[in-house]
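Please open the structure in a viewer and keep the sequence panel visible. This tour proposes one selection after another and states what is found at each stop.

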Amino acid sequence: MELDASFQKTVIQAGFDAEGKDRRDSRGIMMHNKTPLSLSWILQGVDALGDEFMVPQDQGVIKPNSSFLLSVQFRAKRPILVKKLLRLEVYDVDKIIGILQTENIQVYAEAYDVDLKIEPAASLDFGTIRANEDAKQQLKLTNKGKYDLAFKFSVGCPDPTLPTIKSMFTVSPQSGTLLPRGKPTAVVIVCRPDKEVSLKEESILSCQVIEPSIKGGETIATLDIKISLQAVFSRYKITPAWDIDFGPLIYGTDKSQNFIIENYGHFPIHFTLSRMISELGIQARLG
C-alpha cells in the first residue's frame with residue numbers, strides 16, 4: 001500500500017467567522033494499492049478524535065491496482081486545538097497473514113475565534129453637512145484575535161432611487177491587513193455630496209472580513225455600515241429681489257433705502273458689498 005507523500009502528515013484548520021457561525025473543512029489521503037491482490041485496511045483511533053471530527057469510512061477493501069481517498073472532516077463548533085495520531089493498518093483481505101503495513105497519520109486541527117472590533121459600532125452619522133464640501137468620519141478596526149485578518153470596504157446603494165450615492169463616498173484605506181492583537185487601524189470615510197440628499201441608517205458601506213490563510217483569502221463575514229446624513233445647500237433671500245428705486249431726487253439731497261439679506265439655511269453665509277458704476281451713471285455725470 002502506498003500513500004501520497006504530500007498527505008502523509010494531514011493538517012486540518014478551520015475557524016469561526018465574526019458572527020460565530022461554524023465552519024467546515026476536510027482533508028484527505030490517497031491510498032494506492034499497486035499489488036495484484038486486494039488489500040483490506042482499518043483506521044484506528046477515530047473515536048479519540050472527538051465530536052468535531054467525522055470520518056465517512058474508517059475501513060474497507062481496495063481492489064488491485066486501484067486507489068481510495070481516505071477523508072477526514074472537521075467542523076468547528078467551538079475554539080479548540082487538537083493534536084491526534086491515527087494509525088492505518090493494512091491486511092490481506094482474509095486477514096490470514098496479519099498486519100502487512102502500518103502508517104501513522106498526524107491530525108492537527110484548530111478552531112479559533114475571529115475577534116474584530118469596529119468603533120463606532122457599525123454606524124456613522126455625518127449629521128447636517130454642506131453640499132459640495134467634504135465631510136469626514138473615521139472608523140477604527142482592531143484585530144483582537146490570534147491570527148492575521150484582512151479587510152476590504154466597498155460602497156453600494158441599496159435604494160435604486162438614489163443612483164449617485166456611490167460617487168459621494170471615498171474610503172481610505174479601502175483594504176488592508178490587521179495584525180493580531182495589534183493597534184487600531186484608522187479608516188477615513190469622506191462624503192462629498194453634489195446635491196441635497198437625506199439618508200437615515202442606509203447600508204451604504206460594507207466591510208468584508210477576510211481570512212488570509214484560508215485558500216488564499218476567504219471572506220468569512222460581511223459587515224454593513226449604516227450611514228446617516230443630511231446634505232443641504234446654503235439658502236438665503238434678498239428683499240427687494242431686484243433694483244432699489246430711489247425715485248426723483250433734488251440735487252444735493254440725501255435719501256436712504258434699505259434691503260434685507262435673510263439666511264434661512266443651516267449654516268452661516270458671508271457676503272460682500274461692492275460699488276458697481278454703470279455706463280449710464282458715468283454719462284450722466286459727464287453731461
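In which strand is Glu-201 found? Select Glu-201: the residue is found in strand β17, which covers residues 197–211. Strands here are DSSP runs of type E with at least two residues, helices are runs of H or I with at least four residues, and both are numbered from the N terminus. The model is predicted, so local features need pLDDT of at least 70 and side-chain atom pairs count only at pLDDT 80 or more, while totals for chains, interfaces and linings use all residues. Residues are numbered from 1 along each chain as its sequence is written, and side-chain values use heavy atoms, with hydrogens and water left out.

**Two residues with positive phi**

Remain at Glu-201, where phi is near 50°, a positive value in a residue other than glycine. Glu-201 is exposed because its relative accessible area is 52%. The terms are defined as follows: buried means under 20% relative accessible area, exposed over 50%, and partly exposed in between, with a 1.4 Å probe and protein chains only.

Next, select Arg-181, in the loop between β15 (175–178) and β16. Arg-181 also has a positive phi, of about 50°, although it is not a glycine. With 62% relative accessibility, Arg-181 counts as exposed.

**The whole chain**

Zoom out to the full model. The chain has one helix and 20 strands. Of its 287 residues, 33% are buried. A contact means heavy atoms within 4.5 Å. Among contacts with a separation of 6 or more, 67% are between residues 24 or more positions apart.

**Paired strands**

Select strand β12 (residues 135–143) together with strand β16 (residues 185–191); they pair in the antiparallel sense over seven bridges. Two strands pair if DSSP finds at least two bridges between them. Within this pair, Leu-139 stands opposite Val-187 in β16.

Add strand β14 (residues 169–172), which runs antiparallel to β16 and is joined to it by four bridges. Here Ser-172 has Val-188 in β16 as its bridge partner. Then add strand β10 (residues 116–119), which is antiparallel to β12 and joined to it by four bridges. Lys-117 stands opposite Thr-142 in β12. In a regular strand the side chains alternate between the two faces of the sheet.

**Two buried positions in strands**

Select Val-155 in strand β13 (residues 149–155). Val-155 counts as buried because its relative accessibility is 17%. Leaving aside residues up to four places away in sequence, Val-155 touches Lys-166, Phe-169, Val-171, Ile-204 and Leu-205. Show Ser-203 as well: its C-alpha atom is separated from that of Val-155 by 9.0 Å, although the two residues are 48 apart along the chain.

Now move to Ser-40 in strand β4 (residues 39–44). Ser-40 is buried, with a relative accessible area of 8%. Its contacts, not counting residues up to four places away in sequence, include Gly-60, Val-61, Glu-89 and Lys-95.

**Cysteines**

Select Cys-191, which counts as buried at 0% relative accessibility. Cys-207 is buried as well, with a relative accessible area of 0%. A search of the whole structure finds zero disulfides, a disulfide being a pair of cysteine sulfur atoms within 2.5 Å.

**Cis peptide bonds and the largest pocket**

Select Glu-119 and Pro-120, which are joined by a cis peptide bond with omega of about -10°. Pro-120 lies in the loop between β10 and β11 (123–130). A cis peptide bond also joins Thr-239 and Pro-240, with omega of about 0°. Pro-240 is found in the loop between β19 (236–239) and β20 (260–263).

Pro-240 is one of the residues that line the largest pocket; among the others are Tyr-236, Trp-242, Phe-259 and His-270. A pocket is an open set of points, on a 1 Å grid over the protein atoms alone, where a 1.4 Å probe fits, with protein on both sides within 12 Å along at least five of seven lines; lining residues have an atom within 4 Å of a point. About 360 Å³ of space lies in this pocket. Such a volume is the space filled by probe spheres set on the points, which are joined across faces, edges and corners. The tour ends here, at the pocket lined by Pro-240 among other residues.
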